[in-house]
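Visitor: Hello! I am new to this structure and would like to look around with you.
Guide: Welcome, let us bring it up and go through it together.

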Amino acid sequence: SSLSAEQQQAVAEKRAQALLKRKASEDRAARIARMRLQADTYGGFLMPEEDDVVTRPRKPAVETPAPTGDPAEAYSTCTECGQEFFESMLKKQFALHVCDACRKANTDGKFTLITKSEAKDEYLLTDVDLDPNFSGLTYIEKRNPRNERWGNMKLFLLFQVEKLSYDRYGGEEGLDEEIRRRSAERLKLQDKKQRNKVAKLRKETFTSTWRKPQTTHEHAFGPETEKASAPGTWVKTCETCGFEVEFETM
């Protein structure tokens, strides 16, 4: 090869980095695919219509300045396309300056909604992480489509959840590594529980089936002899165990 050892090492490192980025991208795509599958069963990923939202957006407890009444303030500039717009779903529910057209045109899941359970399971966030007063996240509530008597679903924006998770775990690769680590730990724990269960079952089975052998010894006495030291007293001895029986004869 015409490349020096240093150049070959640099090429290998770049190739490894590219593979890691590709793996992280595939993991993210798989994560989103799982949540989209749950969406088909009313688990989340649903941008609610106006009549579905049952509460005002939940935001951090901070004060916002009152509007001045200037009509120009009602218009916003979309951060995605640069066009001005008056109202949009994301502006109303999440105070994001993104028009409805850009929200609907987005295809990478950036403005998708996910449930609190998905944020915890797929991005390893806790209840505290998802508390608006702690993290600054905004969420809205929607009636649970599976059963209205259940609690309302809390819906978060995917890209905000991703950012919070990446900041906590050191980027997308760090999150994927933590997921793999927890999965390995969970498998080890399950394996340990299974082995303990099998060992306990074997012990119980062995204890219930094993019995101490019960043997009955029948003496086999030899000929009767009279004791020289005690005339009239006779003795007979078991030839197997040496047990002696003394008796007198009339």
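Visitor: Which residue in strand 8 does Trp234 stand opposite?
Guide: Keep in mind that we are looking at a predicted model. Strand 7 covers residues 233-237 and runs antiparallel to strand 8, with five bridges joining them. Across from Trp234, in strand 8, stands Phe247.

Visitor: What is the order of the strands in the open sheet of three strands?
Guide: In general, strands of a sheet pair through backbone hydrogen bonds, either parallel or antiparallel. Here the pairing is antiparallel. Strand 6 (225-226) and strand 8 (244-248) are the edge strands, each pairing on one side only. The order is therefore 6-7-8.

Visitor: Is Leu124 buried or exposed?
Guide: Leu124 lies in the loop between helix 4 (116-123) and helix 5 (132-135). Its relative accessible area is 11%. Buried means under 20%, so Leu124 counts as buried.

Visitor: What is the phi of Leu124 near?
Guide: Most residues other than glycine have a negative phi. Leu124 is not a glycine, yet its phi is positive. The value is near 55 degrees.

Visitor: Where is Ala95, and what is its relative accessible area?
Guide: Ala95 sits in the loop between helix 2 (89-94) and helix 3 (100-105). Although Ala95 is not a glycine, it has a positive phi of about 60 degrees. Ala95 is partly exposed, and its relative accessible area is 47%.

Terms used: Residues numbered from 1 in each chain as written. Predicted model: local features only at pLDDT ≥ 70, side-chain atom pairs only at ≥ 80, totals over all residues. Heavy atoms only, no water. Pairing = 2+ DSSP bridges. Helix = DSSP H or I, 4+ residues; strand = E, 2+ residues; numbered from the N terminus. Buried < 20%, exposed > 50% of the residue type's maximum accessible area, 1.4 Å probe, protein only.
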